[in-house]
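Visitor: I have a model open and would like to know what stands behind the words used for it. Could you take me through them?

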Amino acid sequence: MISMMSVTEVSRRIKESSAEAVVAEHLERIRKNEFNTFITVAEDESLRRARMLDSIDSGEPGSGGRLHGVPIAIKDNMSTKGIRTTCASHILDGYIPPYDATVIKRLYAEGAIVIGKANMDEFAMGTSTESSYYGPTRNPHNPNCVPGGSSGGSAAAVAAGEVAISLGSDTGGSVRCPASFCGVVGLKPTYGAVSRYGLISYANSLEQIGPITSNVRDVALLYSIIAGHDPKDSTSVDSDTNITINCDLRGLNIGVPKEYFGEGIDPAVEKAVWNRIHDLEAEGATYTEIEMPHTDYALAAYYIIAMSEASSNLARFDGMRYGLRTEDKDVTTTYSDVRALGFGDEVKRRIILGTFSLSTGYHDKYYLKALKVRTLVKQDFDSAFGSVNVLIAPTMPMPAFGIGELVDPLSQYLADVNTVPINLAGVPSVSVPCGSTQGLPIGLQIIGGFFAESRILDVAAFVEQMNG
Amino acid sequence: MITPEEVEHIGWLARIKLSEEEKKQYAGQMSDILDYFGKIDEIDTNVKPTYQVLALHNIFRDDVDGESMKQEDALANAPKEKDGYFKTPRIV
């Protein structure tokens with residue numbers, strides 16, 4: 001039986017004992033488990049900071065904050081000053097960031113302790129956390145299954161009770177998919193709500209950092225801490241980051257997009273999601289089945305855009321300023337050697353496909369066309385939110401699949417069919433557990449309009465209550 | 001159909017050296033994936049492209065200097081350095 005933790009419980013234990021004792025307990029649990037959730041465990045750093053927080057006179061920044069002494073797992077694509085950051089790639093061997101991402105600074109200002117860097121698909125490219133250079137993470141509900149991806153380590157660490165809270169990043173579902181597969185809560189915020197400064201870019205027009213926790217209130221707490229305008233990210237927006245949870249369903253009209261229950265959906269998933277929609281209806285909400293006609297084209301458009309952006313963003317990994325370096329030859333050969341040795345199979349495939357999509361003769365057919373499809377997908381959402389308050393749909397069309405089960409790249413891409421449209425549109429979505437099948441969790445996602453985080457989390461809290 | 005020779009050329013553009021095996025494997029997989037991507041040709045897209053979803057325009061900060069990274073920190077991860085610079089292979 002897996003027992004998960006909440007921030008309230010961890011904070012209470014810190015009050016009863018000390019931050020150092022609680023960090024030591026966390027480290028012990030992480031050591032004992034065999035789910036391969038972390039790439040780096042920051043043992044010395046986390047104990048040192050806990051001792052500083054315990055000592056009243058130290059004046060340690062963040063002391064007395066909302067996360068005083070609470071350990072957090074950080075996906076290994078966020079820069080943590082002094083703590084090794086790998087992006088689960090061989091190419092960043094030995095890289096120790098000289099600065100903190102903005103989200104890390106905000107967590108420190110509230111007293112949080114970074115206990116380690118969580119495993120992920122290499123450069124966040126995947127749906128299973130199998131492409132990590134450091135080996136796959138296992139699903140705590142069934143170690144023969146994947147935890148989902150790409151933030152698989154972050155979600156599995158919460159599900160296994162190793163930490164109460166973690167951060168992931170979501171480019172096309174990378175927070176919501178592992179949250180769904182691991183039976184935890186994960187939020188993909190509105191594009192621009194959370195600073196991306198210090199997040200190692202994969203597809204910068206799509207991705208957002210988001211919290212993963214055991215319950216909706218902790219997601220709301222973490223969101224209110226990490227969100228807000230940052231002068232260092234010119235796409236970040238000054239928005240209201242306060243979340244009010246009062247489980248108020250009065251006047252709520254839910255849209256149920258039929259395309260999200262399409263061909264290939266697991267019947268158990270379909271049933272679990274509909275059960276919750278009917279439960280919400282019984283509690284006073286209404287629902288309308290709606291059409292979002294461009295959903296079918298979103299997946300292809302998403303992959304073209306994400307791969308194109310990746311081919312540009314990953315050009316910086318050339319072995320000159322950090323990471324792997326091979327024997328010096330002429331400069332082009334050295335770049336090509338470093339990148340051949342440092343990048344894994346899926347990363348190479350996406351860079352090559354992205355380079356192809358942007359190349360002369362193919363740019364208009366693939367990249368530009370995909371950006372136009374993106375406009376149509378976004379219009380589907382604009383039009384839906386003209387008549388309903390939120391959308392509810394399965395996060396993933398299936399429960400966690402087996403490790404090694406989806407080896408063909410295209411078959412794994414197709415699993416993202418329900419998560420990628422949200423990133424194309426830039427709207428927020430939270431995945432919350434809604435049942436299980438054969439011992440594996442099922443998640444549903446609640447999608448809102450721009451900056452409607454408070455609304456979707458309020459509905460998520462209601463769904464959570466129904467789970468008992 | 002994508003040929004292994006085409007994959008080799010794209011690999012060169014992307015500065016990734018590929019083995020013969022990789023060229024063959026990627027050629028097959030790319031053909032399948034591009035075939036799937038062709039799905040977007042099915043619809044009319046008489047709309048403007050969306051490069052980014054927010055209605056933000058250029059945001060400029062005031063021209064005041066702030067803190068910047070120390071040279072030793074910037075060089076701390078460099079595989080090779082010389083005289084306070086990153087050392088690259090010979091370029092010309």
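Visitor: What share of the 92 residues of chain B count as buried?

Guide: In this predicted model, 18% of them do. The cut-off behind that word is 20 or more other C-beta atoms within 10 Å of a residue's own.

Visitor: And what makes chain B more spread out than a compact globule?

Guide: Start with its make-up: three helices and two strands, in the order α-α-α-β-β from the N terminus. For 92 residues the globule rule gives 12 Å, whereas the radius of gyration of chain B is 23 Å, well over that value, so the chain is more spread out than a compact globule. Along the principal axes, its C-alpha atoms fill a box of roughly 50 × 45 × 25 Å.

Visitor: Why is H1(B) called roughly perpendicular to H2(B)?

Guide: Their axes cross at roughly 100° and come within 8 Å. Angles of 65 to 115 degrees count as roughly perpendicular, so that is the term for H1(B) against H2(B). On the H1(B) side the contact is made by Pro4(B), Val7(B) and Glu8(B), and on the H2(B) side by Lys23(B), Lys24(B), Tyr26(B), Ala27(B) and Met30(B). Sorted by type, these residues come to five nonpolar, no polar and three charged.

Visitor: Which helix gives the most to the side of chain B that touches chain A?

Guide: That is H2(B), with seven residues. Overall, 44 residues from chain B and 57 residues from chain A take part in the contact. Helices H1, H2 and H3 of chain B each supply at least two residues of chain B's side, which divides into 28 nonpolar, seven polar and nine charged residues.

Visitor: Over in chain A, how do you know that strand S6 is mostly covered?

Guide: Count its residues: six of the six, from 208 to 213, are buried. In a regular strand, side chains alternate between the two faces of the sheet. Here Gln208(A), Gly210(A) and Ile212(A) are buried on one side, and Ile209(A), Pro211(A) and Thr213(A) on the other, leaving both faces covered.

Visitor: What makes S4 and S6 of chain A a pair?

Guide: Pairing takes at least two bridges found by DSSP. S4(A), residues 165-170, and S6(A) have six, in the antiparallel sense, with Gly168(A) partnered by Gly210(A).

Visitor: How many bridges join S5(A) to S6(A)?

Guide: Two, and the strands run antiparallel. As at least two are needed, S5(A) also qualifies as a partner of S6(A). In this pairing, Gly186(A) has Ile212(A) as its bridge partner.

Methods. Residues are numbered from 1 along each chain as its sequence is written. Chains are lettered from A and ligands numbered from 1 in the order in which they are written. This is a predicted model: local features need pLDDT of at least 70, side-chain atom pairs count only at pLDDT 80 or more; totals for chains, interfaces and linings use all residues. A residue is buried if 20 or more other C-beta atoms lie within 10 Å of its own, exposed if 12 or fewer, and partly exposed in between; C-beta atoms are placed from the backbone. Helices (H or I, at least four residues) and strands (E, at least two) are DSSP runs, numbered from the N terminus. Two residues are in contact if their C-beta atoms, placed from the backbone, lie within 7 Å. Ala, Val, Leu, Ile, Met, Phe, Trp, Tyr, Cys and Pro count as nonpolar, Asp, Glu, Lys and Arg as charged, and the others, Gly among them, as polar. The radius of gyration is taken over C-alpha atoms; the globule rule is 2.2 Å times the number of residues to the power 0.38. Axes are lines fitted to C-alpha atoms, for helices over the stretch in contact, and angles run from 0 to 180 degrees between N-to-C directions. Angles under 35 degrees count as roughly parallel, over 145 as roughly antiparallel, 65 to 115 as roughly perpendicular and the rest as oblique.
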